[in-house]
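Let's take a friendly walk through this model, from its aromatic rings to its charged side chains. Have the sequence and the structure open beside you as you read.

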Amino acid sequence: MIKQKLLKISALRKLLLSAGACMLTLTLLAQQSVTVTGTVTDHDGEALSGASIILKGTTVGTISNASGSYSISVPGSSAVLVFSFMGFVAQEISVGSQAVINVTLEEDVFQLEGTVVIGYGSLEKKQLTNSVTSISARELPQGLGGATIANSLSGKVSSLVMHETPSPNSDLKLQLRGMASINAESGPLVVIDGMPGGDIRSVVQEDIQSIDILKDAAAGAIYGTRATGGVILITTKQAQEGKLKMTYTGEVIFKNTFAKPDIMTAEEFVRYNTAATNYGGSYDWYEAALADNPTSQRHVVNLNGGSRDARIFATAMYEDNCGTMLGDTRKDFSGRVNSAFKLLDGWLDINTHIAYRQADRNRDKATAGTPWFNNPTQSPYAGYPSETWPYTVSMVAARNSLFDAKNITDKGLDKWFRPDVEAKLNILPISGLTYTQTVGYENRQWERKLYEPSFLQRGEWTNRSGLGTAQIESDKIMQVNSEGYFSFIRSIGADHKINAAAGYSYFEKNREKYSMKNYGFDFDPVGVWNMGSGSYLNNPNISDPKPEMYSQKAITERLLAGFGRVNYSFRDKYIATATLRREGSSKFAENNRWGTFYGLSAAWRISEEGFLKDVEQVNDLKLRLSYGVTGNEGTILHETTGFPIAYGAVTYSPSESRTMLPDGSWVASYATAYDINPNLGWEEKHEWNIGVDFELLSRRLFGKVDFFRRNIEGLIFQTNNSKGQHGTWYENIGTLENFGWEFEIGGIAVDSKDWKYTTKMNISHNSTKVGVMDGTSTRVAGKNSYVGRAGYVHYLEEGVQVGSFTLYKYAGIDYRGNFTAYLPPDEEGNVTVKALDGDADDKEKQYMGNYVPTAVIGWSHDLEYKSWYLQMQINSAIDFDIYNAFEHVHGLTEGMAGNSNKLLVAYTKNARITGRAQATNYFLEDGTYVKLQNISLGYRLDLKKYSRLFDSAKVYLSINNALRLTKYSGTNPEIDFTGWEGGVDTGVSYPQTRTFALGIQLTF
């Protein structure tokens, strides 16, 4: 008994000792546990709601709240916290003795931690196997005074060429990695929030979160038929969880012109042009054509916030944009609502985007170039309106377009309405598996109303006997997108990662267009609103009536595709991506409607190998290789109708023949409009790309290099068809060969407490050669490259470099004042010189020069000091040629009426040239330029400490077209590089414009 009691006492003592030890351990652990609090903000001091704070090596963590605040318990001073937020560079911070840790996350530039939007999903940058360039919203400077985002994007993406004039009503042309087609559309596909077929002009800069450009064919292959020109993915800002915040941005923009053409003054005009009439005055028609102190204004309001389950981002914008030419204005209204909802306990996410933009265009401006060549001794204002014109109609450039601009009504209205909804089903039992269904609609409308009063000189000029002209036209495009796809993202163990997507895509496009035009209105105040009263409509007293009207509906275009993509990563060292898309187009004949497009790419992160892993200076080094095939079923415009041809569809048009009815009467009939080629298929781009990505020196130096070669095969040409009813049809005959390289490099040169300086440069080169032509004609003239009476300066010919000029080789000026030229060598190699005193013979011209630059450079700078920041963009185009058609037409004494003004060089530099102007390399000049594209200086102010109403403020001054250096003698070396008929400076383009914008941004 005693022994049993002793055993019980011993057991009890051990139990008590164990319990005491456990309590002591828990007490010690509790004493070591530390609670860390703080805030997470971006570089502008804005709170980052939903930022992740994770205890390194564990799954323990929390997220920041609406004000960016967080609180987390860590086991002790040796703990390390990892702070991250999508689109920002993650930070690791040791707790040590800190109880409060405030973190500022920097937006990802090129660094590895960021994500990139790709087709139907996103990837970590380290898993990319293709050539992709990403631009964040912060890299787009504000206040550049454009109607589109082109000014902000200019120079920031290698191989992306944009062209627009400074006019508020300018069109925008985009080209990526050179020309991708001769006859079909070849610009990049624009995808807005996942919906293909968007219009970049419809997006407001303040709505943009990021822009990702898929350059190589393997990257774009998942978009199949429309990715030959590359893909631009625009992601707009998404709603964030937290307290509802409002941001107001207001700008006032001032404009002036520069690079004025050297037109003769009245004094010079009288001195040199002795045959001209001297009216005794002195007037500057160029200045008279410019608007008086054009000032624009812009206002944007953003709302953002909500709960975890219901969030909203909304924008309203108003812009009054005044151009520098008299009567050239535009007013924009736009609105956007992006919303996000979480339903069914995490099973369902619904995201919606509703965007509307309207551009009211006033195009009453004086025709660019027309007033500059009027007689400077005569006033542009005298004598209007009157029964006699101050100029005789036989004179060239005699029309007073300044007066026309004051009296013509030429209004245009652009509308974009684009709603879409995305429903994402999170299949929770299977980690990483989701299904996304999207439906989108877009309605684009263009309306124009033109009225020219009866008292205009233009009526006389166009041989309408001074009677009024009215025109109304409308163009409507309706697009529907429906896409559904499964996504699967999963890490399998520590070594394997899979990111895959598979689904379908449906696209439909309809287009309607009508126009009516009539003449002979004698009551101008009614304008276009009594079209039937024009005397040229159903008037038996007019032998040659000229009313015009038409209405057309384009054939419905449909695309249906199935697609799949899988990205596999092994230890983030060996990465491969495969993409496949099978797509059918209603444009082609039934037996050749489907095409297969694919991409294969791989990457090797050399930096993860043992021989580099411990090299501190090399943070990442990746080699990429890809091959892809994309298609092009893009629009080809018919010469007469101006409407897209559905190549394989039977279409009908009015026929010259007539049909007899049973009663014996004859009526007009319809017949097939085109011959159908049942074998017509896609244009295809086959592209190889090899590239290297690198990050060095603690990721302070980063960049990439790409080399690409591509062939465009099966180019669509209209050729002869002797067996058909119409004699022509479309065939896949022709090739283009393209080679290029891109080099991007950036660095964080300074990163201290108060100073930060980041700079990035991109350099690109591409050249395109014509392989095979259409088989019927191996030499095609550029219809838009005809200069004066000197013929065409561009031809397409097999084996010729795209961008080459077709010119006489200048040999001097003979004693009669005529051009002379070296003719091409004969069969024996002999070269002769010919005097050019008559009409041009294009067969005697030679290929020389090229308007495609050897290199295009963009160099951006981002400097910050405490609350100050400075952004600067420098652009350059090196070694390219411009044909100075401005001097060709207006810089010689021959060929124009005596009362017309001219460039001063006609009587100075070119005084010896008295014969006909000829297209020779005498007018070919080097266009190389270096340009300070834009500069923006701003100051950020934290207002929370001063006011409960305001969170922050930013004030900035931005200048666009700040400075340009060039030896080119014309007005503008920034000619159009797109297509194959560029490089010609006519000198009558819109005046070069410099803008100054003063802006303020307030966050409430």
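Rings of Phe, Tyr and Trp (its six-membered ring) count as a pair if their centres lie within 6.5 Å; planes under 30 degrees apart are called stacked, over 60 edge-to-face, and the rest tilted. By that rule, the structure contains 29 aromatic pairs. One of them joins F373 and F886 edge-to-face, with 6.0 Å from centre to centre and 80° between the planes. F373 sits in the loop between β21 (348–363) and α6 (401–407) and F886 in helix α9 (residues 885–890), so this pair ties together parts that are 513 residues apart in sequence. Helices (H or I, at least four residues) and strands (E, at least two) are DSSP runs, numbered from the N terminus. Both F373 and F886 are buried, where buried means under 20% relative accessible area, exposed over 50%, and partly exposed in between (1.4 Å probe, protein chains only). Elsewhere, ring pairs link Y810, F819, Y883, Y922 and F923 into a cluster.

**How the model was read**

This is a predicted model, in which local features need pLDDT of at least 70 and side-chain atom pairs count only at pLDDT 80 or more, while totals for chains, interfaces and linings use all residues. Residues are numbered from 1 along each chain as its sequence is written, and side-chain values use heavy atoms, leaving out hydrogens and water.

The term pLDDT is the predictor's confidence in each residue, from 0 to 100. Its average over the protein is 85, and 87% of the residues score at least 70. Among the elements, helix α1 (residues 2–32) has the lowest mean pLDDT, 45, and strand β49 (residues 924–926) the highest, 97. The pLDDT is below 50 over residues 1–31, a stretch with 0 contacts in the model beyond near neighbours in sequence; contact here means heavy atoms within 4.5 Å. Residues 384–397 also stay under 50 in pLDDT, and for them the model has 36 contacts beyond four places in sequence.

**Salt bridges**

A salt bridge is a side-chain nitrogen of Lys or Arg within 4 Å of a carboxyl oxygen of Asp or Glu. The structure holds 56 of these salt bridges. Three of them are set out here.

| Salt bridge | N to O distance |
|---|---|
| E742 and R177 | 2.9 Å |
| R308 and D309 | 2.9 Å |
| E508 and R558 | 3.2 Å |

E742 and R177 meet in a salt bridge. This pair links distant parts of the chain, 565 residues apart: E742 is in strand β37 (residues 735–751), R177 in the loop between β12 (173–176) and β13 (189–192). E742 is buried at 2% relative accessibility, and R177 is buried at 0%. The two also belong to a network of salt bridges that links R177, K215, K685, E687, E742 and E744.

In the salt bridge between E508 and R558, the partners are 50 residues apart, with E508 in strand β25 (residues 496–521) and R558 in strand β27 (residues 557–570). E508 is buried, with a relative accessible area of 18%, whereas R558 is partly exposed at 40%. D309, from the remaining pair in the table, is partly exposed at 39% relative accessibility.

**R710 and K760**

What is the nearest side chain of opposite charge to R710, and how far away is it? It is E687, 4.2 Å away, and R710 is buried yet has no salt bridge. Lys and Arg count as positive and Asp and Glu as negative here, with His and the chain ends not counted. R710 belongs to strand β34 (residues 701–713). Its side chain reaches the backbone oxygen of R177 at 2.3 Å, and a polar atom of the R710 side chain lies 3.2 Å from the backbone oxygen of G178. Beyond four places in sequence, R710 touches several residues, including T228, H686 and N738.

K760 is in strand β38 (residues 755–770) and counts as buried at 12% relative accessibility. A polar contact of 2.4 Å joins the side chains of K760 and E139. Such a contact is a pair of N or O atoms within 3.5 Å; within protein, one must be able to donate a hydrogen and the other to accept it, and residues adjacent in sequence count only if both atoms are side-chain atoms. The C-alpha atoms of K760 and K156 are 8.6 Å apart, although 604 residues separate the two along the chain.
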